[in-house]
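Q: I would like to learn how to read the features of a structure one at a time. Could we start with the file in front of us?

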Amino acid sequence: QVQLVESGGGLVQPGGSLRLSCAASGSIFRIRAMGWYRQAPGKQRELVAVFTLGGGTNIGDSVKGRFTISRDNAENTVYLQMNSLKPEDTAVYYCNLDYGDLRGQWRNYWGQGTQVTVSS
C-alpha cells in the first residue's frame, strides 16, 4: 500500500503564489519519478514538473520560469512552488509517483488531487 498526501491548494489572486506539497509513504523501495501534473476543465492532464531518476527534472513549458519543484528525499516529499500565478493555471493538481515496490515491480500511483484556483 502507498499513500500520497497532497496539500497546499486553494484560491489565489493573479500574480500570487502557492506552495503544494506531496508526501509519499508505504511500501516504496525506490522512486523512479515523482512530481506534479494538472488537469483543467475540458482539457487533458498535462505535465507540470517532475523529478526523474538521477535527480533530473522535467518542467512543463507553460510554467517554466514561474514554478519550481524541490524535494526532501528523506521524507519522500516533493514541493511545488508556484509564483506569478495566472488564471490559466487554474486546475486540479495531481501528485504522481512512479516507484518500485518491495517485490521489485514498478508501479505508478496518483494522488487524489488538490484544487488550485487563480482568480480575482
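Q: Is W110 buried, partly exposed or exposed, and what is the relative accessibility behind that label?
A: The label follows from cut-offs: under 20% relative accessible area is buried and over 50% is exposed. This is a predicted model, and in it W110 has 34% relative accessibility, so W110 counts as partly exposed.

Q: Which aromatic pair does W110 form with Y94, and how far apart are the ring centres?
A: Two things are read for a ring pair: the distance between centres and the angle between planes, where an angle over 60 degrees counts as edge-to-face. Y94 and W110 are edge-to-face, at 6.4 Å centre to centre and 90° between the planes. The pair links distant parts of the chain, since Y94 sits in strand β9 and W110 in strand β10, 16 residues apart. Y94 has a relative accessible area of 15%, so Y94 is buried.

Q: How many aromatic pairs does a search of the whole structure find?
A: The search finds two. One of them joins Y37 and W110, again edge-to-face, with 5.2 Å centre to centre and 70° between the planes. Y37 belongs to strand β4 and W110 to strand β10 (residues 106–110), so this pair ties together parts that are 73 residues apart in sequence. With 23% relative accessibility, Y37 counts as partly exposed. Through these ring pairs, Y37, Y94 and W110 are linked into a cluster.

Q: What does the largest nonpolar core contain, and which residues have the most contacts inside it?
A: A core is read as a set of buried nonpolar residues joined through their side chains. Here the largest one has 28 residues, and W36, L80, M82 and Y93 have the most contacts inside it. Two or more residues come from each of β1 (2–7), β3 (18–26), β4, β5, β7, β8, β9 (91–100) and β11 (114–118). The largest share, five residues, comes from β9.

Q: What does Y93 touch, leaving out residues up to four places away in sequence?
A: A contact list is read by asking which parts of the chain meet at one residue. For Y93 the list is E6, L20, W36, Y37, R38, V48, F67, L80, M82, G113, T114 and V116. W36, L80 and M82 are thus on the contact list of Y93, and they are also among the residues with the most contacts inside the core.

Q: Where is L85 found, and is L85 buried or exposed?
A: A loop position does not by itself settle the label; the accessible area has to be read. L85 is in the loop between β8 and β9, and its relative accessible area of 2% makes L85 buried. Not counting residues up to four places away in sequence, L85 touches V12, P14, G15, G16, S17, L18, R66, F67 and V118. The C-alpha atoms of L85 and V116 are separated by 9.9 Å, with their positions 31 residues apart along the chain.

Q: Which residue in the loop between β8 and β9 has a positive phi although it is not a glycine?
A: Here one reads the sign of phi and then the residue type. The residue is S84, with a phi of about 50°, and S84 lies in that loop. S84 has 42% relative accessibility, so S84 counts as partly exposed. N76 also has a positive value, with phi near 50°, and is other than glycine. N76 lies in the loop between β7 and β8 and, at a relative accessible area of 26%, is partly exposed.

Q: How much space lies in the largest pocket?
A: Rolling a probe the size of a water molecule over the atoms shows where empty space is left. The largest pocket holds about 250 Å³. It is lined by 18 residues, of which I31, M34, R71, N73 and N76 are the closest to its centre. β4 (30–39), β5 (46–52), β7 (67–72) and β8 (77–82) each give two or more residues to the lining, and β4 provides the largest share, five residues. By class, the lining has eight nonpolar, six polar and four charged residues.

Q: Which residues line the second largest pocket?
A: The lining is R38, Q39, A40, K43, Q44, E46, S62, R66, E88, D89 and A91. This pocket has about 160 Å³ of space, and its lining divides into two nonpolar, three polar and six charged residues.

Definitions and conventions: Residues are numbered from 1 along each chain as its sequence is written. This is a predicted model: local features need pLDDT of at least 70, side-chain atom pairs count only at pLDDT 80 or more; totals for chains, interfaces and linings use all residues. Side-chain values use heavy atoms; hydrogens and water are left out. On a 1 Å grid over the protein atoms alone, a cavity is a set of points where a 1.4 Å probe fits but cannot get out, and a pocket is an open set with protein on both sides within 12 Å along at least five of seven lines; lining residues have an atom within 4 Å of a point. Grid points are joined across faces, edges and corners, and a volume is the space filled by probe spheres set on the points. Helices (H or I, at least four residues) and strands (E, at least two) are DSSP runs, numbered from the N terminus. Ala, Val, Leu, Ile, Met, Phe, Trp, Tyr, Cys and Pro count as nonpolar, Asp, Glu, Lys and Arg as charged, and the others, Gly among them, as polar. A nonpolar core is a set of buried Ala, Val, Leu, Ile, Met, Phe, Trp, Tyr and Cys residues joined through side-chain atoms within 4.5 Å. Buried means under 20% relative accessible area, exposed over 50%, partly exposed in between (1.4 Å probe, protein chains only). Contact means heavy atoms within 4.5 Å. Rings of Phe, Tyr and Trp (its six-membered ring) pair if their centres lie within 6.5 Å; planes under 30 degrees apart count as stacked, over 60 as edge-to-face and the rest as tilted.
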